[in-house]
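Subject: Structure handover

Hello,

Here is the structure you will be taking over. My notes on it follow below.

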Amino acid sequence: MNTKVNFRVRVMSYAHHIFLATVISWSDALKKAWQLYRLAKKMRSGVVKFFYEKVDGSARVAYGTLCNLPAGITSKRGTKKPNYGTMCYWDTKKQAFRSFRVENFIAMAV
């Protein structure tokens with residue numbers, strides 16, 4: 001059995017979660033889901049600057065990556081079912097794993 005998730009399934013799952021968690025339209029949820037997919041893709045190749053809204057309402061500037069993690073560090077994903085409500089990344093400033101709610105994603109820096 002192939003357990004690898006197709007990227008389209010991942011994008012639609014992000015969009016579905018965003019659509020249910022917010023009051024935005026389906027097309028806007030899809031746009032944000034595609035932005036999240038592009039963010040994750042860029043983070044797998046290097047450090048990316050992006051912005052998201054924290055729980056207290058303030059904006060956070062983050063520098064994150066998903067590649068070349070320090071030795072001995074794992075993301076604890078293992079065999080768990082993927083969570084499409086949050087996105088996990090390695091924060092290069094804090095040197096620790098961080099996560100944010102996908103509906104709070106604002107933008108990726110160019």
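**A buried lysine and its surroundings**

Lys-32 is buried but forms no salt bridge; Glu-53, the nearest side chain of opposite charge, is 7.5 Å away. Please keep in mind that this is a predicted model. Lys-32 sits in helix H2. Apart from neighbours within four places in sequence, Lys-32 is in contact with Ile-18, Val-102, Glu-103 and Phe-105.

The preceding residue in the numbering, Lys-31, also lies in helix H2, which covers residues 26–43. Is Lys-31 buried or exposed? Lys-31 is exposed because its relative accessible area is 54%, and the cut-off for exposed is over 50%. From Lys-31 to Ala-15 the C-alpha distance is 8.1 Å, with their positions 16 residues apart in sequence.

**The nonpolar core**

The largest nonpolar core contains 22 residues, and those with the most contacts inside it are Leu-36, Leu-39, Phe-50, Met-87 and Phe-100. At least two residues of this core come from each of helix H1 (7–21), H2, strand E1 (48–53) and strand E3 (86–91). H2 gives the largest share, 8 residues.

Two of these core residues can be described further. Phe-100 belongs to strand E4, residues 96–101. With a relative accessible area of 3%, Phe-100 is buried, because buried means under 20%. Leaving out neighbours up to four places away in sequence, the contacts of Phe-100 include Leu-36, Leu-39, Phe-50, Tyr-52, Met-87 and Phe-105.

Met-87, again without residues up to four places away in sequence, touches Tyr-14, Leu-36, Leu-39, Ala-40, Met-43, Arg-98, Ser-99, Phe-100 and Val-102.

**Cysteines**

How many disulfides does a search of the whole structure find? The search finds 0. Cys-67 is buried, at a relative accessible area of 17%. Cys-88 is partly exposed, at 34%. The C-alpha atoms of Cys-88 and Phe-100 are 6.8 Å apart, and the two residues are separated by 12 places along the chain.

**Confidence**

The mean pLDDT of the protein is 88, and 85% of the residues score at least 70. Of the elements, E1 has the highest mean pLDDT, 97, and E3 the lowest, 92. Where pLDDT is low, the predicted coordinates should not be read in detail.

Regards

Key. Residues are numbered from 1 along each chain as its sequence is written. This is a predicted model: local features need pLDDT of at least 70, side-chain atom pairs count only at pLDDT 80 or more; totals for chains, interfaces and linings use all residues. Side-chain values use heavy atoms; hydrogens and water are left out. Helices (H or I, at least four residues) and strands (E, at least two) are DSSP runs, numbered from the N terminus. Buried means under 20% relative accessible area, exposed over 50%, partly exposed in between (1.4 Å probe, protein chains only). Lys and Arg count as positive and Asp and Glu as negative; His and the chain ends are not counted. A salt bridge is a side-chain nitrogen of Lys or Arg within 4 Å of a carboxyl oxygen of Asp or Glu. Contact means heavy atoms within 4.5 Å. A nonpolar core is a set of buried Ala, Val, Leu, Ile, Met, Phe, Trp, Tyr and Cys residues joined through side-chain atoms within 4.5 Å. A disulfide is a pair of cysteine sulfur atoms within 2.5 Å. pLDDT is the predictor's confidence in each residue, from 0 to 100.
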